[in-house]
There are 2 protein chains.
Amino acid sequence: MPKIVRFHNIGGANVLRIEELPLSEPGKDEIRLKVETIGLNRAEVMFREGQYLEEPILPSRLGYEAAGTVDAVGSGISDIKIGDRVSTIPAFSIGRYGVYGESAIVPGCAVARYPDNLSTIEGAAIWMQYLTAFGALIEIGQLKKDNTVLITAASSSVGLAAIQITKAVGALVIATTRGVEKKQFLLDVGADHVIVTDEEDLAESVMTVTSGRGASLIFDPIAGHVLEKLANAAALRATIFEYGALSREPTIFPLFLSLKKGLMIRGYTLFEIVKDAEKLARSKRYIYDRLQSGALKPIIDRTFPLEAIVSAHQYLESNQQKGKIVVTV
Amino acid sequence: MPKIVRFHNIGGANVLRIEELPLSEPGKDEIRLKVETIGLNRAEVMFREGQYLEEPILPSRLGYEAAGTVDAVGSGISDIKIGDRVSTIPAFSIGRYGVYGESAIVPGCAVARYPDNLSTIEGAAIWMQYLTAFGALIEIGQLKKDNTVLITAASSSVGLAAIQITKAVGALVIATTRGVEKKQFLLDVGADHVIVTDEEDLAESVMTVTSGRGASLIFDPIAGHVLEKLANAAALRATIFEYGALSREPTIFPLFLSLKKGLMIRGYTLFEIVKDAEKLARSKRYIYDRLQSGALKPIIDRTFPLEAIVSAHQYLESNQQKGKIVVTV
């Protein structure tokens with residue numbers, strides 16, 4: 001019987017248990033994946049804690065991203081066959097289809113091939129990060145070469161994907177990080193400027209770098225009291241994407257700054273992209289091509305074995321990582 | 001010497017004084033208006049209280065909207081001549097150019113003719129309300145026939161302008177008002193549905209009216225705790241325009257709702273339109289044509305003589321009015 005990660009109570013990392021469960025068969029329009037690698041995401045931490053957009057039904061599976069080989073296909077599936085090397089696109093219920101484990105059933109529309117030049121470890125570090133960043137910056141934000149993009153929590157996998165996508169377009173990247181430890185790393189991966197927020201005033205630094213104009217696109221998963229700072233750092237008519245709730249403080253809407261500057265503050269998740277067949281197809285094509293050319297390249301922080309899933313989650317929550325944490329099965 | 005309204009201290013309506021000041025001459029690119037009517041706006045109340053986007057330099061004039069006859073033109077003005085019947089567009093400093101008084105100097109680019117079928121009283125009730133509503137709903141919001149527009153504080157002059165513009169496009173209007181007194185009035189001026197917020201749950205009522213879809217465009221000058229309700233009443237991917245700060249409470253950003261629904265919450269003032277020559281020309285043409293055809297028609301609540309300017313401001317703040325308050329000079 002395959003090992004599957006589930007939790008029976010909401011709570012910290014140690015609610016995660018590895019259990020042996022009977023092998024399931026894919027239903028109509030579903031496929032079964034023999035999982036080789038699992039990409040970890042903040043969404044799973046929030047889901048495990050009962051803080052996510054979706055509520056867990058206990059005991060619950062979890063997990064959005066895995067790479068592996070298709071080992072069974074349900075009825076209605078025509079474009080995927082047993083033996084295909086694919087990875088999952090987070091276009092399903094995290095609880096119902098959770099991919100943490102040796103075997104996972106997912107909807108057939110939620111898997112995609114990835115270029116041969118990527119390893120299976122990199123394969124679990126593609127769709128969440130690049131679709132999230134692509135959807136906001138390119139599909140909605142219409143990012144252009146002359147934009148200045150401010151990327152907060154820039155060392156996360158989505159932050160790094162946003163840096164790569166922005167640089168692929170040729171626009172200017174200002175990245176933020178709390179401590180000085182990750183500054184050089186962010187410069188090395190392509191940020192034009194890095195603001196260390198423990199030491200520098202965010203808005204002041206952005207204004208200095210942009211000669212007083214401010215950032216035209218802002219991509220932020222933190223919210224809370226950070227939003228006011230971002231509004232101060234924003235250019236006239238800037239768009240601020242809020243795509244997470246890392247701070248967990250109440251978020252004050254910067255009313256007067258938004259009136260003065262005509263700011264657009266937009267809640268965003270990648271579900272806007274993955275639930276729209278046309279947008280998803282366009283986004284997948286864009287990302288696949290650039291993964292193949294090397295313009296986009298997943299950055300892996302480290303790997304953990306499946307048995308160490310609790311430690312892997314604890315490490316994810318420690319904010320030490322620079323890039324994706326991947327679990328190997 | 002012309003009578004001019006100024007205030008020497010920030011504060012309540014009774015800081016307003018009528019003073020006789022020497023007649024000024026228009027400078028380069030300016031014109032002088034013999035004022036016949038003055039349209040009152042919330043902006044002037046907030047400015048007088050030191051709560052506006054612009055800080056008063058005391059003693060300060062005030063006022064954005066007047067109608068009258070041009071009685072002097074400065075150098076550089078070619079398209080306006082003495083005797084022209086015009087009204088002002090709020091495209092200037094409210095303190096430096098304030099139009100409350102018998103005579104006002106304003107930039108030549110900030111006056112416009114209005115159709116002959118409108119009275120001089122209606123002439124002071126055009127540009128602030130229709131440019132504000134047009135800019136948000138049509139120019140930025142791209143209002144279409146199949147949209148549902150939720151308009152809060154709907155009995156204000158801008159709210160009524162938004163109702164008229166939405167109905168001219170053929171979209172559905174849901175208007176809100178606090179008490180039941182103004183409900184019939186709002187239905188009479190074109191609202192398809194009116195929600196009395198003292199008696200009904202805003203989001204629930206909007207969902208009932210829209211068969212659970214919610215409002216696709218929301219136009220709100222209140223903010224504060226109302227924003228959360230609006231987010232609940234919003235459709236997927238709705239745009240919420242915040243164009244004022246009537247509530248004066250802190251405004252919480254509805255983070256989880258905005259993530260779930262992909263909401264866009266946008267600060268907006270008409271300055272986005274009036275400071276952009278191309279947008280202003282397009283907007284003026286649209287409004288002029290529809291004023292001439294009768295599709296748009298300013299709704300005047302009542303008039304006050306200039307001597308009663310303090311009472312006029314007190315009445316504005318009482319929220320009893322249904323439409324524009326105009327001062328006759």
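## Helices α3 and α4 of chain A

In this predicted model, helix α3 (residues 127-140) of chain A meets helix α4 (residues 157-169) of chain A, with axes that come within 8 Å and cross at roughly 50°. That angle falls outside the 65 to 115 degrees counted as roughly perpendicular and is not under 35 degrees, so α3(A) and α4(A) are oblique to each other. Their crossing is right-handed.

If you would like to follow the contact on screen, α3(A) brings A:Gln129, A:Tyr130, A:Thr132, A:Ala133, A:Phe134, A:Leu137 and A:Ile138 to it. From α4(A) come A:Ser157, A:Val158, A:Ala161, A:Ala162, A:Ile165 and A:Thr166. By class, nine of the residues in this contact are nonpolar and four are polar, with no charged ones.

## Helices α3 and α10 of chain B

Over in chain B, the axes of helix α3 (residues 127-140) and helix α10 (residues 277-293) come within 10 Å and cross at roughly 105°. These two helices, α3(B) and α10(B), are therefore roughly perpendicular to each other.

Here α3(B) contributes B:Tyr130, B:Leu131, B:Phe134, B:Gly135 and B:Glu139, while α10(B) supplies B:Lys279, B:Ser283, B:Tyr286 and B:Ile287. This contact of α3(B) with α10(B) is made up of five nonpolar, two polar and two charged residues.

## The nonpolar core

The largest nonpolar core has 210 residues, and A:Ala215 and B:Ala215 have the most contacts inside it.

B:Ala215 makes a good place to start looking. Beyond its neighbours within four places in sequence, B:Ala215 is in contact with B:Thr148, B:Val149 and B:Leu150, and with B:Ile174, B:Val206 and B:Thr210. The list is completed by B:Ala233, B:Ala234, B:Ala235 and B:Ala238.

Notes. Residues are numbered from 1 along each chain as its sequence is written. Chains are lettered from A and ligands numbered from 1 in the order in which they are written. This is a predicted model: local features need pLDDT of at least 70, side-chain atom pairs count only at pLDDT 80 or more; totals for chains, interfaces and linings use all residues. A nonpolar core is a set of buried Ala, Val, Leu, Ile, Met, Phe, Trp, Tyr and Cys residues joined through C-beta atoms within 7 Å. A residue is buried if 20 or more other C-beta atoms lie within 10 Å of its own, exposed if 12 or fewer, and partly exposed in between; C-beta atoms are placed from the backbone. Two residues are in contact if their C-beta atoms, placed from the backbone, lie within 7 Å. Axes are lines fitted to C-alpha atoms, for helices over the stretch in contact, and angles run from 0 to 180 degrees between N-to-C directions. Helices (H or I, at least four residues) and strands (E, at least two) are DSSP runs, numbered from the N terminus. Angles under 35 degrees count as roughly parallel, over 145 as roughly antiparallel, 65 to 115 as roughly perpendicular and the rest as oblique. A crossing is left-handed if the near helix is turned anticlockwise from the far one by less than a right angle, and right-handed if clockwise. Ala, Val, Leu, Ile, Met, Phe, Trp, Tyr, Cys and Pro count as nonpolar, Asp, Glu, Lys and Arg as charged, and the others, Gly among them, as polar.
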